[in-house]
Amino acid sequence: MQPDTLIWTLSALCAIAFYLGRHRAVQASGGHIRNLHSLPAYYGYYLALCCGLPALLVLCLWLLFDDKLILQLILGQLPEFWRNLPEDRLSLVVNQIHNLIAGEAGIQEVDPAIRAAADHYQRLKTTGYRILAILTLTVATAGLVYGYRRIAPDMRARNTVEKSLRYALILSSTLAIFVTIGIVLSVLFESLRFFSKVPVTEFLFGLKWSPQMAIRPDQVGASGAFGFIPLLTGTLLISGIAMAVATPIGLLSAIYLSEYAKSHTRSIVKPLIEVLAGIPTVVYGFFAALVVAPLLRDFGVQLGLTVSAESALAAGTVMGVMIIPFVSSLTDDALTAVPRSLREGAYGLGATQAETITGVVLPAALPGIVSGLLLAVSRAIGETMIVVMAAGMTAKLTLNPLESVTTITVQIVALLVGDQEFDSPKTLAAFALGLTLFLITLALNLVALHVVRRYREQYE
Amino acid sequence: MSTIMNIVEKFEESRDSAAPTSTDSDQGYQTVGEYSVAKPRICCRGVNVFYGEKQALFDINLDIGQREVIALIGPSGCGKSTFLRCLNRMNDIIEGCRVEGDIRLDGQDIYSKELDPVVLRARVGMVFQKPNPFPKSIYDNVAYGPRIHGLASNRTELDDIVETSLKRAGLWKEVRDRLDHPATGLSGGQQQRLCIARTIAVGPEVVLMDEPCSALDPIATATIEQLIDELRERYTIVIVTHSMQQAARVSQRTAYFHLGKLIEVGDTSRIFTNPRHPLTEDYITGRFG
Ligand SMILES: Nc1ncnc2c1ncn2[C@@H]1O[C@H](COP(=O)(O)OP(=O)(O)O)[C@@H](O)[C@H]1O
Ligand SMILES: [Mg+2]
């Protein structure tokens with residue numbers, strides 16, 4: 001039996017267990033459901049859990065380890081010569097076996113010993129599945145019988161079921177945390193490898209970024225410089241421009257929507273603004289590169305300024321437009337969270353609408369607005385596409401918005417595009433940049449979270 | 001649902017049999033008792049209020065005298081708050097709310113184009129059901145109204161206004177050492193007194209109170225009731241209350257609302273000892289409500 005059929009069988013068995021359990025409980029109650037400790041359905045769930053959970057565990061463990069086990073077995077049976085190969089050659093052999101099984105290595109000349117091993121592998125696998133099926137179904141049936149016999153009117157089925165539910169919830173939340181930790185750790189270790197090649201101080205304080213490394217020792221020029229300050233200034237410059245565009249527009253539109261607009265207007269305008277959030281960033285990117293950048297350049301020429309074809313200003317402006325809906329909807333949330341009673345208090349004292357908004361509503365919503373803005377900043381810092389397309393790739397240490405700059409995210413892309421050696425500083429630098437980016441946005445989010453916490457306390 | 005139907009039935013019944021002043025049409029009814037007074041501060045005639053299509057108040061006639069405390073009582077949803085909010089045009093800020101009829105403050109039509117609601121609300125202050133101090137300091141809460149209306153020309157004058165208002169609201173002793181503390185840190189009763197101080201800091205003629213004690217404990221309630229009694233010397237007070245005892249303790253006149261209609265109005269002592277309308281009697285004796 002293949003694992004997928006097995007899973008279906010198991011599900012069917014669980015369904016049967018549910019009905020059996022429910023039926024059994026009703027029967028045991030003697031027709032009076034009130035005699036039962038829990039509702040009949042809980043006995044059904046209980047039995048389904050008894051039946052399915054251990055079996056599923058067996059199934060998962062098996063599928064996790066059977067491949068390794070079988071490989072050990074067949075490698076042990078290979079002729080002497082193959083068995084004593086060094087580690088990396090051995091993994092090649094394993095690969096070959098896998099290819100053979102998948103039917104991809106047919107054209108190549110294959111050693112008969114390996115072909116035999118592959119056949120053996122497949123036989124073992126099939127037997128394994130057979131054993132697995134028997135094992136799982138036995139465990140399931142055993143669980144079923146065990147649970148069935150335990151069902152009695154005073155058994156606390158609901159408590160058991162609810163407890164398992166709680167464990168399932170805990171499991172999923174910890175899983176999410178572990179995935180995050182895993183990602184962070186892997187980035188961290190790669191970064192450490194990078195810092196063993198390039199000193200941290202050079203990375204943090206260096207003023208020059210040019211990651212091209214010499215491939216051959218006799219190559220001219222490309223020595224590789226990994227100072228990330230130009231990337232940081234580029235990132236901050238573009239995010240700053242973006243926020244300068246998005247903050248006023250987003251704030252004012254949110255104030256209009258939440259305080260002035262009639263509910264009819266609001267129901268039309270709000271979705272329209274949110275459409276902006278649905279536009280893919282690539283589209284923003286080429287809008288910036290093909291429309292905004294040339295416009296800015298022409299405009300600059302008329303003013304007698306030199307605007308480079310790819311400028312921080314173009315990318316920043318368009319990125320600002322992109323995060324308007326973000327700022328606007330977070331601000332809107334903060335404003336609508338201000339209780340109606342506060343507004344009425346101000347109106348009741350004879351405050352005009354503008355006085356109420358500036359004097360009472362905005363101050364009360366300020367923490368929420370600030371945290372929304374911080375989230376928007378971290379969004380801007382993490383944005384890649386627009387910058388790749390409209391701000392260029394050259395790392396320049398400048399604060400002039402009319403020049404081309406580059407950002408951390410763009411450089412990560414640049415470092416990893418194309419064929420790369422996995423242990424060259426150039427590739428590893430991407431991880432170091434990723435780590436820095438992560439730390440920056442993490443700090444921003446923590447600050448935002450902290451502000452929101454304080455904000456909540458105010459109305460309790 | 002059935003209780004509502006019961007009430008309605010009872011109402012119809014009472015109009016047919018007992019109520020001496022009732023008429024047959026659905027709209028036309030007559031308030032029992034004397035709704036007009038000699039020198040009214042506020043004078044309402046034929047007030048109808050609609051929320052969208054739904055009518056919440058029907059043809060209300062009621063005068064409110066100088067320096068009296070008038071209590072509005074009645075079952076939930078009968079329109080007490082709605083009526084109260086007509087008196088300082090708070091209903092203006094509710095979308096879809098429409099007010100018809102004639103409401104005059106010192107003889108001046110408050111819904112006329114010439115009268116700015118902002119000015120009106122400075123003259124007719126309001127205290128709400130739930131204490132709603134602004135998230136600012138105690139001082140800034142009280143100073144908010146005087147500031148927006150430009151009542152003080154310098155800091156000393158403003159300090160004076162804040163102090164007098166807090167004294168009148170009976171809160172000065174408790175907060176004088178911590179005027180710069182956030183108002184949200186006060187207890188519920190203190191917050192409500194702060195809101196009263198904030199309201200009288202603007203120098204209103206009339207103070208509207210919408211169930212000002214319903215979120216407070218008995219001791220805080222007693223303090224506020226005593227305060228209302230003192231405030232009567234200077235202000236006209238309209239108070240909505242759910243507590244019959246409170247109405248009896250603090251008010252001179254009482255108006256009983258029922259399903260958007262003003263059923264009966266009269267001296268508080270008379271209403272509570274000798275209600276004339278059967279609906280009023282039922283409510284006061286606690287048969288429903
Ligand atoms: N903002 C509103 N929109 C629609 N209907 C309302 C609104 N406020 C009050 N009402 C309705 O008007 C009627 C009177 O309400 P209200 O004046 O609050 O009663 P009370 O204060 O006596 O409990 C109720 O039926 C209520 O449902
Ligand atoms: Mg009310």
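Helix H2 of chain B gives the most to the shell around ligand 1, with 3 residues. A word on the source before going further: this is a predicted model.

**The ligand shell**

Let us walk around ligand 1. Its surroundings in chain B include a run of neighbours made up of Ser76(B), Gly77(B), Cys78(B), Gly79(B), Lys80(B), Ser81(B) and Thr82(B). Tyr51(B), Lys54(B), Ala56(B) and Ile94(B) also belong to the residues that surround ligand 1. By character, the shell divides into 4 nonpolar, 5 polar and 2 charged residues.

Oxygen atoms of ligand 1 come up in the following polar pairings, listed with the part of the residue involved.

| Residue | Part of the residue | Distance to an oxygen atom of ligand 1 |
|---|---|---|
| Gly77(B) | backbone N or O atom | 2.7 Å |
| Lys54(B) | N or O atom in the side chain | 2.9 Å |
| Gly79(B) | polar backbone atom | 3.1 Å |

Taken alone, ligand 1 exposes 550 Å², and the protein buries 62% of that. Two elements of chain B give two or more residues each to the shell: strand S2 (54-65) and helix H2 (80-87).

**Where chain B meets chain A**

Now for the contact between the chains. On the chain B side 24 residues take part, and they are in contact with 20 residues of chain A. Between them the two chains bury about 1,800 Å², with 62% of it on carbon and sulfur atoms. Which three residues supply more than any others of the area that chain B buries against chain A? They are Glu95(B), Pro135(B) and Tyr144(B), and their share is 27%.

What about charged pairs? The count between chain B and chain A is 1 salt bridge. In a salt bridge, the side chain of Arg85(B) meets that of Glu344(A), at 3.0 Å from N to O. Polar contacts across this interface come to 6 residue pairs, with both residues at pLDDT 80 or more.

Several elements of chain B each supply at least two residues of the side that touches chain A: helix H3 (117-123), strand S6 (124-127), helix H4 (138-148) and helix H7 (188-200). The residues on that side of chain B divide into 14 nonpolar, 5 polar and 5 charged.

**Both sites together**

If you have the structure open, helix H2 (80-87) of chain B is a handy starting point for the ligand, as one of the elements that give two or more residues to its shell. For the interface, Glu344(A) and Arg85(B) mark a place where side chains of the two chains meet in a salt bridge.

Definitions and conventions:
Residues numbered from 1 in each chain as written. Chains lettered and ligands numbered in written order. Predicted model: local features only at pLDDT ≥ 70, side-chain atom pairs only at ≥ 80, totals over all residues. Heavy atoms only, no water. Near = heavy atom within 4 Å. Polar contact = N/O pair within 3.5 Å; in protein donor to acceptor, adjacent residues only side chain to side chain. Areas by Shrake-Rupley, 256 points an atom, 1.4 Å probe, with all protein chains shown as cover. Helix = DSSP H or I, 4+ residues; strand = E, 2+ residues; numbered from the N terminus. Nonpolar A, V, L, I, M, F, W, Y, C, P; charged D, E, K, R; others polar. Contact = heavy atoms within 4.5 Å. Buried area = accessible area lost by both parts, 1.4 Å probe. Salt bridge = Lys/Arg side-chain N within 4 Å of Asp/Glu carboxyl O.
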